[in-house]
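The following report goes through selected features of one model, from its strands to its loops, a helix, a pocket and its cysteines. Please read it alongside the coordinates.

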Amino acid sequence: MIEKNCSLKAFNSFSIDAYAHRLFHFQKISQLPELLDLIKVTKAAKQPILVLGGGSNTLFCEDFSGLVIKVELMGVNKSEDAQHHRLKVAAGEDWPQLVENTVEQGINGLENLALIPGVVGAAPVQNIGAYGVELKDFCESVDYVDLIDGELKTLTNEDCLFAYRDSIFKGDLKDRALITSVSLKLPKLWKPLCRYGLLEALNETADSVTALQIFDNVCRIRSEKLPDPAILGNAGSFFKNPIVSEHLSGQLLSHHADMPHYPQADGSVKLAAGWLIDQCGLKGHQIGGAAVHTEQALVLVNNGGATAYDVVQLAAFVREQVLQKFAVLLEHEVRFIDANGETTLQQVIDNV
Ligand code: EPU
């Protein structure tokens with residue numbers, strides 16, 4: 001189904017009021033020939049194409065001048081062998097619902113990834129992660145439509161080049177892959193992972209700890225700190241946790257002994273963007289209708305009626321304050337989309 005001049009407000013968790021020139025609801029694989037024709041026409045008219053999942057990590061900076069493909073493919077296929085549960089999940093399925101359903105059915109492994117907003121097809125793009133677990137730990141393969149030649153293709157876990165909030169879908173396959181399903185492989189021999197932050201209260205070595213307990217705890221911790229997009233528009237962590245040199249981390253630690261820091265295997269050090277922003281005293285800081293969340297400084301929220309530009313200005317201000325105080329340049333995790341496709345905070349500011 002195609003809509004013209006379609007509001008995207010309900011399709012982005014920031015609730016920004018932007019419009020798409022055309023929007024196609026991709027609900028069944030049998031619509032593929034129709035979709036490929038539409039893509040051809042759009043490309044011939046030199047208009048951009050955007051694949052949109054749940055819109056939970058997207059900031060529409062302007063009206064979109066081309067075709068938005070809203071992925072709404074549904075269905076979960078389950079199978080198992082002696083050692084593993086396997087789930088082939090269509091891209092439009094809701095991620096938090098999938099996690100809840102699997103845990104309820106006694107299929108363990110995804111519990112640390114509870115309540116991450118978005119659809120399943122978006123999960124591999126930024127290799128979603130929380131509380132010591134990432135999608136890459138359970139993703140066996142990803143099916144996608146290649147928008148250049150129209151063919152259905154499959155990538156193995158290794159092919160996906162997963163890294164911290166990164167994958168091939170943000171690199172070589174950017175603007176080229178429309179993910180149709182994700183295959184997950186969950187070992188039946190389950191091991192709890194409670195080493196992260198507030199989950200440490202659960203004793204992962206105790207036989208009694210269950211996936212349901214971890215699920216409940218993750219849901220509680222997340223709901224206490226992260227605003228529900230249905231109530232307060234937001235896109236989760238706005239910035240990535242920056243990875244800096246050991247030298248810079250050491251310098252900062254000499255002034256801020258309590259700074260959270262996570263040494264990486266290659267000698268670099270990951271810092272907590274939320275802590276850096278918090279130290280700049282920015283919790284609650286507001287520009288127009290956009291504000292730094294009062295409970296978790298890594299999240300920018302729409303307090304009601306925020307324009308995309310309010311969010312852009314606030315993001316630029318936050319980035320500048322952190323740069324001045326800590327000499328650390330934050331990168332946004334949220335995808336910025338302008339009239340012609342993906343862009344960056346810097347480009348949006350430069351164009352004003
Ligand atoms: N902190 C502050 N003030 C704040 C926020 C954080 O001092 O306002 C401190 C915390 O006390 C903690 C440290 O910074 O010592 C890290 O904070 P937290 O544990 O809340 O996690 P995070 O690094 O801010 C990351 C992910 C989240 C994920 C959590 C839990 C990124 C960019 N974010 O946040 O992912 O839920 O860890 O694993 O990697 C998302 O991507 O949308 C997201 C929510």
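Two strands are said to pair if DSSP finds at least two bridges between them, and the strands themselves (E, at least two residues), like the helices (H or I, at least four residues), are DSSP runs numbered from the N terminus. This is a predicted model, in which local features need pLDDT of at least 70 and side-chain atom pairs count only at pLDDT 80 or more, whereas totals for chains, interfaces and linings use all residues. Residues are numbered from 1 along each chain as its sequence is written, and side-chain values use heavy atoms, with hydrogens and water left out.

## Strands and their pairing

An open sheet of 3 strands has the order 14-16-15, and its pairing is antiparallel. Strand 14 (243–244) and strand 15 (261–263) stand at the edges with a single partner strand each, so one side of each is left without a neighbour in the sheet. Strand 15 runs antiparallel to strand 16 (residues 269–271), to which 3 bridges join it, and within this pair the bridge partner of His 261 is Leu 271 in strand 16.

Other pairings, listed with their sense and number of bridges, are these.

| Strand pair | Sense | Bridges |
|---|---|---|
| Strand 1 and strand 2 | antiparallel | 5 bridges |
| Strand 2 and strand 5 (residues 64–71) | parallel | 6 bridges |
| Strand 6 and strand 7 (residues 84–90) | antiparallel | 5 bridges |

Individual partners help to fix the register of these pairs. Glu 3 stands opposite Leu 23 in strand 2, while the bridge partner of His 25 is Lys 70, in strand 5. Val 76 has Val 89 of strand 7 as its bridge partner, and the hairpin that joins strand 6 to strand 7 does so through 3 residues.

Burial is stated here by relative accessible area: buried means under 20%, exposed over 50%, and partly exposed in between, with a 1.4 Å probe and protein chains only. Of the 5 residues of strand 6 (residues 76–80), the number buried is 0, so this strand lies largely in the open.

## Residues in loops

Ser 13 is found in the loop between strand 1 (2–7) and strand 2 (19–26), and is buried, with a relative accessible area of 11%. The C-alpha atoms of Ser 13 and Thr 58 are separated by 7.7 Å, although the two are 45 residues apart along the chain.

Most residues other than glycine have a negative phi. Lys 46, which is not a glycine, nevertheless has a positive phi of about 55 degrees; it is found in the loop between helix 1 (32–44) and strand 3 (49–52), where Lys 46 is exposed at a relative accessible area of 75%. Leu 115, also not a glycine, has a positive phi of about 60 degrees and is found in the loop between helix 2 (95–104) and strand 8 (129–130). With 38% relative accessibility, Leu 115 counts as partly exposed.

## Helix 6

The expected span of a helix is 1.5 Å times one less than its number of residues. For the 19 residues of helix 6 (residues 308–326) the expected span is 27 Å, which agrees with the 27 Å between its end C-alpha atoms. The buried residues of helix 6 include Ala 308, Val 311, Val 312, Ala 315, Val 318, Arg 319, Val 322 and Phe 326. An α-helix has 3.6 residues a turn, so residues three or four places apart point the same way. Helix 6 is followed by Ala 327, whose phi is positive, near 60 degrees.

## The second largest pocket

A pocket is an open set of points, on a 1 Å grid over the protein atoms alone, where a 1.4 Å probe fits and protein lies on both sides within 12 Å along at least five of seven lines; lining residues have an atom within 4 Å of a point. The second largest pocket has a volume of about 260 Å³, a volume being the space filled by probe spheres set on the points, which are joined across faces, edges and corners. Its lining has 13 residues, of which Phe 138, Pro 187, Trp 190, Lys 191 and Leu 193 lie nearest the centre of the pocket. The lining residues divide into 7 nonpolar, 3 polar and 3 charged, where Ala, Val, Leu, Ile, Met, Phe, Trp, Tyr, Cys and Pro count as nonpolar, Asp, Glu, Lys and Arg as charged, and the others, Gly among them, as polar.

## Cysteines

The structure holds 0 disulfides, a disulfide being a pair of cysteine sulfur atoms within 2.5 Å. The sulfur of Cys 219 is 14 Å from the closest cysteine sulfur, that of Cys 194, which is too far for a bond. Cys 194 is buried, with a relative accessible area of 3%, and Cys 219 is buried too, at 15%.
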